[in-house]
Amino acid sequence: MNYSDFQFLLFDHKKNGVLLITINRPEVMNATNARLHWELTKIWNVVNEDPNVRVIVITGSGDQAFSAGGDLEWVESMVGNPEALNNTLKEAADIVYNMLSCEKPIISAINGIAVGAGLAVAFIADISIMAEEAKITDGHVKIGVAAGDHAAILWPLLCGMAKAKYYLMTAEFVTGKEAERIGLVSLCVPRSELMDKALSVAQKLGKGSQQAIRYTKRSLNGWLDQARPIFESSLAMEMMCFMGKDAAEGVAAARAKRPPVFPSTLK
């Protein structure tokens with residue numbers, strides 16, 4: 001693949017080998033459909049093999065969202081569909097593993113709401129810089145499925161088990177300032193300063209010792225490698241939930257913009 005093959009990702013090459021990637025579905029707050037989800041598995045190998053790229057910055061188009069989770073139509077197509085779920089399970093793992101195996105540092109500039117697969121990209125990035133005005137939530141339990149994508153492998157390392165369990169089981173939104181306070185993100189700045197800060201950090205990395213920076217990333221990712229069985233289990237449990245009645249109700253409630261009444265609460 002090459003850059004022209006991507007439909008929903010925009011590319012802007014900066015000096016010192018910095019590549020700015022923009023998730024570009026602004027009409028739906030950069031939500032992931034099937035095509036974008038697939039593209040987010042493929043781009044990391046492309047940039048890893050590009051000798052002109054030293055550092056990647058990824059952000060969302062517009063001011064509202066980094067990526068507002070999965071397109072409801074796409075998510076709905078997975079409910080009760082083993083074949084679709086098998087494909088999604090593979091892609092969800094590929095996003096995480098391909099970002100981790102990309103030897104070049106990845107910076108996320110979280111400009112707005114980040115949920116689901118979009119949040120996985122934002123948080124698996126090596127350095128995460130979040131706008132004060134932005135909000136994030138894992139969001140899975142709101143539609144009746146277990147927290148998968150990235151949360152089990154990463155959140156306990158970032159913010160500790162107590163905070164991880166609280167936010168992943170309640171799906172409450174976390175603001176930029178709170179995310180920085182509890183260690184979920186590297187830095188938090190006003191939205192007006194976000195891109196300048198992200199690109200400034202990227203330029204610093206682009207001018208640094210590439211071997212030293214890349215080996216440091218590889219070494220630190222050893223902590224995440226240890227959690228691989230936990231991650232694989234969480235993905236399987238998430239997909240299993242999509243076969244149940246709670247997921248069907250969760251998606252229906254999201255479509256109707258009403259609170260869900262999960263069948264599992266009626267027993």
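Trp 44 touches Ile 56, Ile 58, Ile 95, Asn 98, Met 99, Cys 102, Ile 106 and Val 121, leaving aside residues up to four places away in sequence. The model is predicted. In its largest nonpolar core, Trp 44 is among the residues that touch the most other members. Two open sheets, one of 6 strands and one of 4 strands, are described below, along with the cores and the aromatic contacts.

**Nonpolar cores**

- The largest nonpolar core holds 70 residues.
- Trp 44, Val 47, Ile 110, Phe 123, Ile 136 and Trp 155 touch the most other members of this core.
- Helix H3 (residues 82–101) gives the largest share of the core, 7 residues.
- A second core is separate and has 10 residues. Leu 85, Val 145, Met 239 and Val 251 are included in this second core.

**Asn 98, a contact of Trp 44**

- Asn 98 is found in helix H3.
- Its relative accessible area is 15%, under the 20% cut-off, so Asn 98 is buried.
- Asn 98 touches Thr 41, Trp 44 and Asn 45, again not counting residues up to four places away in sequence.

**The sheet of 6 strands**

- This open sheet has the order E1-E2-E3-E5-E7-E10, and its pairing is mixed.
- Strand E1 (9–13) and strand E10 (187–189) stand at the edges. Each has a single partner strand, so one side of each is left without a neighbour in the sheet.
- From one strand to the next, the twist averages 20 degrees.
- Helix H1 (residues 34–48) packs on this sheet. Helix H1 touches E1, strand E2 (18–23), strand E3 (55–60) and E5. The direction of H1 makes about 25 degrees with that of E1.
- Strand E5 (residues 106–110) and strand E7 (residues 127–131) run parallel, joined by 4 bridges.
- Ala 109 stands opposite Ile 129 in E7.

**The E1–E2 hairpin**

- E1 and E2 pair in the antiparallel sense, over 5 bridges.
- Phe 11 has Ile 21 in E2 as its bridge partner.
- The two strands E1 and E2 form a hairpin with 4 residues between them.
- Asn 16 lies in the turn and has a positive phi of about 60 degrees.

**The sheet of 4 strands**

- This open sheet runs in the order E4-E6-E8-E9, with mixed pairing.
- Its edge strands are strand E4 (65–68) and strand E9 (174–175), and each pairs on one side only.
- Strand E8 (residues 135–137) and E9 are antiparallel and share 2 bridges.
- Ile 136 stands opposite Val 174 in E9. Ile 136 is also one of the core residues that touch the most other members.
- Helix H4 packs on this sheet, touching E4, strand E6 (113–115) and E8. The direction of H4 makes about 100 degrees with that of E6.

**Aromatic pairs**

- The count comes to 5 aromatic pairs.
- The ring centres of Phe 123 and Trp 155 are 5.8 Å apart. Their planes stand at 50 degrees, so the pair is tilted.
- Phe 123 lies in helix H4 (residues 116–124), and Trp 155 lies in helix H5 (residues 151–159). The pair therefore ties together parts that are 32 residues apart in sequence.
- Phe 123 is buried, at a relative accessible area of 5%. Trp 155 is buried too, at 1%.
- The rings of Tyr 166 and Tyr 167 have centres 5.1 Å apart. Their planes are at 85 degrees, so this pair is edge-to-face.
- Tyr 166 is partly exposed, with 39% relative accessibility. Tyr 167 counts as buried, with 9%.
- One aromatic cluster is formed by Tyr 3, Phe 6 and Phe 11.

**Charges over rings**

- Arg 25 has its charged end over the ring of Phe 8, 5.2 Å from the ring's centre.
- Arg 228 lies over the face of Tyr 97, at 4.0 Å from the ring centre.

Key:
Residues are numbered from 1 along each chain as its sequence is written. This is a predicted model: local features need pLDDT of at least 70, side-chain atom pairs count only at pLDDT 80 or more; totals for chains, interfaces and linings use all residues. Side-chain values use heavy atoms; hydrogens and water are left out. Two strands pair if DSSP finds at least two bridges between them. Axes are lines fitted to C-alpha atoms, for helices over the stretch in contact, and angles run from 0 to 180 degrees between N-to-C directions. Contact means heavy atoms within 4.5 Å. Rings of Phe, Tyr and Trp (its six-membered ring) pair if their centres lie within 6.5 Å; planes under 30 degrees apart count as stacked, over 60 as edge-to-face and the rest as tilted. Buried means under 20% relative accessible area, exposed over 50%, partly exposed in between (1.4 Å probe, protein chains only). A charge sits over a ring if NZ of Lys or CZ of Arg is within 6 Å of the ring centre and within 35 degrees of the ring normal. A nonpolar core is a set of buried Ala, Val, Leu, Ile, Met, Phe, Trp, Tyr and Cys residues joined through side-chain atoms within 4.5 Å.
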